[in-house]
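Me: Please take me through the salt bridges of this model, with the criteria stated as they come up.

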Amino acid sequence: AALASCGQHDLSRTTRALGVLRDALDYSYNAEIALGFFKLYQYCGDLVRKGEYEEAAIYLRELRDAWQQ
């Protein structure tokens, strides 16, 4: 959802989708990794708030592709 809404330049949907991703992080499993993802999602949120949707989409696409492998 975050990647699709980036493509549509939809700030509200992208922000909500990034929030869902942040809320799903499990700090009890590996806090260091979860914090890294948290910071990445925050950075993507900062990018879309500045209107840099394509830049945020690059990071989100790389994450998606890594999970698909």
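The questions and replies below concern charged side-chain pairs and their accessibility.

This is a predicted model, in which local features need pLDDT of at least 70 and side-chain atom pairs count only at pLDDT 80 or more, whereas totals for chains, interfaces and linings use all residues. Residues are numbered from 1 along each chain as its sequence is written, and side-chain values use heavy atoms, with hydrogens and water left out.

Me: How many salt bridges does a search of the whole structure find?
Reply: The criterion is a side-chain nitrogen of Lys or Arg within 4 Å of a carboxyl oxygen of Asp or Glu. Applied to the whole structure, the search gives a count of three.

Me: Which helix holds both Asp46 and Arg49?
Reply: These two residues form a salt bridge, with their closest N and O atoms 2.6 Å apart. They are three residues apart, about one turn of the helix. Helices are DSSP runs (H or I, at least four residues) numbered from the N terminus, and the one that contains both residues is helix 3, residues 31–49.

Me: Is Asp46 buried, partly exposed or exposed?
Reply: Buried means under 20% relative accessible area and exposed over 50%, with partly exposed in between (1.4 Å probe, protein chains only). Because its relative accessibility is 37%, Asp46 counts as partly exposed.

Me: Which residue forms a salt bridge with Glu54?
Reply: The closest N and O atoms of this pair are 3.6 Å apart. The partner has a relative accessible area of 31%, so it is partly exposed. The residue paired with Glu54 is Arg61.

Me: What is the N to O distance between Arg64 and Asp65?
Reply: Arg64 is partly exposed at 38% relative accessible area, and Asp65 is likewise partly exposed at 32%. Their side chains meet in a salt bridge, with an N to O distance of 3.0 Å.

Methods
Helices (H or I, at least four residues) and strands (E, at least two) are DSSP runs, numbered from the N terminus.
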